Amino acid sequence: MRTRLISVRFGPLLSGLLLALATTVLVAAPQASAATGVAAVGEALKEGPVYVAPGAEAQLSAAQADALTKKIEDAGKPVFVAVLPATAEFPADKVLGAVRAETGITGLYAIRLGDGFNAGADKAVMPANAVRNLTEAVKTGTPVDANTQLNNFVDQALTQVDGGAPASWGTTGADEGVPVGGLVALGAVAVVGGGGAYALVRRNRKKKEEARREAIARLAVVVDEDITAFGEELERLDFHPGEPGADDAMRRDYEQGLDSYDRAKQIMASVQRPDEVKGATQALEDGRFALATLDARRQGRPLPERRAPCFFDPRHGPSTQDASWAPAGGAARTVPVCTADAVRLRDGLDPAVRTVETDHGPRPYYDAGPAYGPWAGGYFGGGILPGLLVGTVLGSMMSSPAYAADYGGGMGSGFEGGDVSGADFNPSDFGGGDFGGGGGFDGGGGF
């Protein structure tokens with residue numbers, strides 16, 4: 001979109017590379033310029049985040065497209081925007097997925113087709129519901145100009161989308177107007193073929209892997225503490241399957257506790273992604289309920305109701321009641337608590353809150369950042385946790401679609417925002433709704 005003037009002096013190595021590639025570039029150029037339709041859109045979006053097709057220039061001026069491009073590039077997010085004419089070469093029911101396949105880069109794609117608008121995203125970048133909500137938010141009952149609509153969409157999307165800009169957009173030396181990243185990318189592809197494309201994304205992926213390992217390391221500390229505490233609870237219970245009065249129900253409860261203990265340890269021994277930690281804390285929660293049931297049987301008390309664990313520290317065991325509580329500076333809400341914490345709250349004392357280590361010292365887990373989300377999510381399943389955590393640091397992060405992509409099911413594909421995946425994506429997952437989650441190209445607010 002933007003015209004860049006080459007005004008920098010190249011070093012001998014880069015000059016030699018450019019000279020050596022001159023023939024390749026000249027041969028490739030006619031083929032690239034011959035691309036039309038969806039293929040042209042895909043080629044253009046590999047080089048920059050905004051593309052305005054011939055025939056759609058009246059929708060978005062060059063200056064408007066440049067400003068939108070700069071906004072996306074400055075944010076460094078994998079957001080792609082195309083403005084296309086409503087013609088037969090861009091079929092409304094296929095163009096979104098086709099552009100994603102042609103571009104071959106995981107990201108969030110927004111297309112203005114005539115007066116209509118739609119968007120879709122890879123699950124690793126943004127959940128389907130988030131895409132759908134963002135898309136509907138920028139649609140109105142009456143037609144709106146492309147510049148307003150696209151900027152509204154991009155402004156909201158940039159705060160939520162996960163991942164980084166693709167390496168093919170890189171512009172080292174951009175102040176001098178030289179798209180060095182693109183030239184190096186071209187050289188890499190020409191010299192080493194497909195292997196060069198992998199090299200371009202390897203650095204970004206390495207950073208993501210480092211962040212993932214750090215998240216797992218933080219989680220491992222708290223889960224290991226939980227496993228140790230559960231093991232000590234098993235010892236304190238001091239149950240023997242053959243003891244006088246033991247029956248089959250007690251033995252089943254005890255076996256469930258042992259199985260949960262072993263399962264949690266096995267999961268942590270092989271965990272590869274932060275979201276897998278949820279399985280370990282779910283196992284520990286199952287085990288704690290089994291032990292609470294066993295203890296009630298041995299004492300001749302009524303069996304406990306299956307409830308969520310104590311909100312303040314799941315190691316306290318299953319909650320026994322609900323109580324009103326408010327985080328510092330936040331609104332009051334009802335949370336599940338153990339008997340001991342209920343008494344503390346009633347007496348005006350602070351509950352015994354689970355703290356975890358952060359870069360700023362020990363903090364309550366709900367104010368410690370996103371790394372502890374999978375740990376808490378395993379204990380408080382069924383979608384109740386975000387409601388309990390409204391107004392806390394973790395609660396704010398969990399409400400973001402980007403959080404779900406970071407620490408939810410979106411990490412299993414192996415490709416993340418900005419990665420080159422080619423056509424390796426599931427069209428049914430691309431946005432997850434009617435035509436990629438956006439609701440269709442209708443120019444209005446309905447489907």
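**A buried arginine, a strand pair and a pocket**

Good morning. Arg112 is buried, with a relative accessible area of 2%. Please bear in mind that the structure before you is a predicted model. The cut-off for calling a residue buried is a relative accessible area under 20%, so Arg112, at 2%, meets it.

Where does Arg112 lie? Its place is in strand E3, which covers residues 108–113. What does the side chain of Arg112 make a polar contact with? The partner is the side chain of Gln149, at 2.6 Å. If we leave aside neighbours within four places in sequence, Arg112 is also in contact with several other residues, including Gln59, Ala82, Val83, Leu84, Phe117 and Leu150.

I turn now to another pair of strands. Strand E5, residues 321–325, and strand E6 run antiparallel and are joined by 5 bridges. Within this pair, Gln321 stands opposite Val337 in E6. Strand E6 spans residues 333–337, and 4 of its 5 residues are buried, so the strand is largely enclosed by the rest of the structure.

Finally, let us consider the second largest pocket. The space in this pocket is about 490 Å³. It is lined by 22 residues, and those closest to its centre are Glu233, Ala292, His316, Gly317 and Pro318. Which helices each supply at least two residues of this lining? They are helix H8 (194–237) and helix H10 (277–299). The most is given by H10, with 5 residues. As for chemical character, the lining consists of 9 nonpolar, 5 polar and 8 charged residues.

Thank you for your attention.

Notes: Residues are numbered from 1 along each chain as its sequence is written. This is a predicted model: local features need pLDDT of at least 70, side-chain atom pairs count only at pLDDT 80 or more; totals for chains, interfaces and linings use all residues. Side-chain values use heavy atoms; hydrogens and water are left out. On a 1 Å grid over the protein atoms alone, a cavity is a set of points where a 1.4 Å probe fits but cannot get out, and a pocket is an open set with protein on both sides within 12 Å along at least five of seven lines; lining residues have an atom within 4 Å of a point. Grid points are joined across faces, edges and corners, and a volume is the space filled by probe spheres set on the points. Helices (H or I, at least four residues) and strands (E, at least two) are DSSP runs, numbered from the N terminus. Ala, Val, Leu, Ile, Met, Phe, Trp, Tyr, Cys and Pro count as nonpolar, Asp, Glu, Lys and Arg as charged, and the others, Gly among them, as polar. Buried means under 20% relative accessible area, exposed over 50%, partly exposed in between (1.4 Å probe, protein chains only). A polar contact is a pair of N or O atoms within 3.5 Å; within protein, one must be able to donate a hydrogen and the other to accept it, and residues adjacent in sequence count only if both atoms are side-chain atoms. Contact means heavy atoms within 4.5 Å. Two strands pair if DSSP finds at least two bridges between them.
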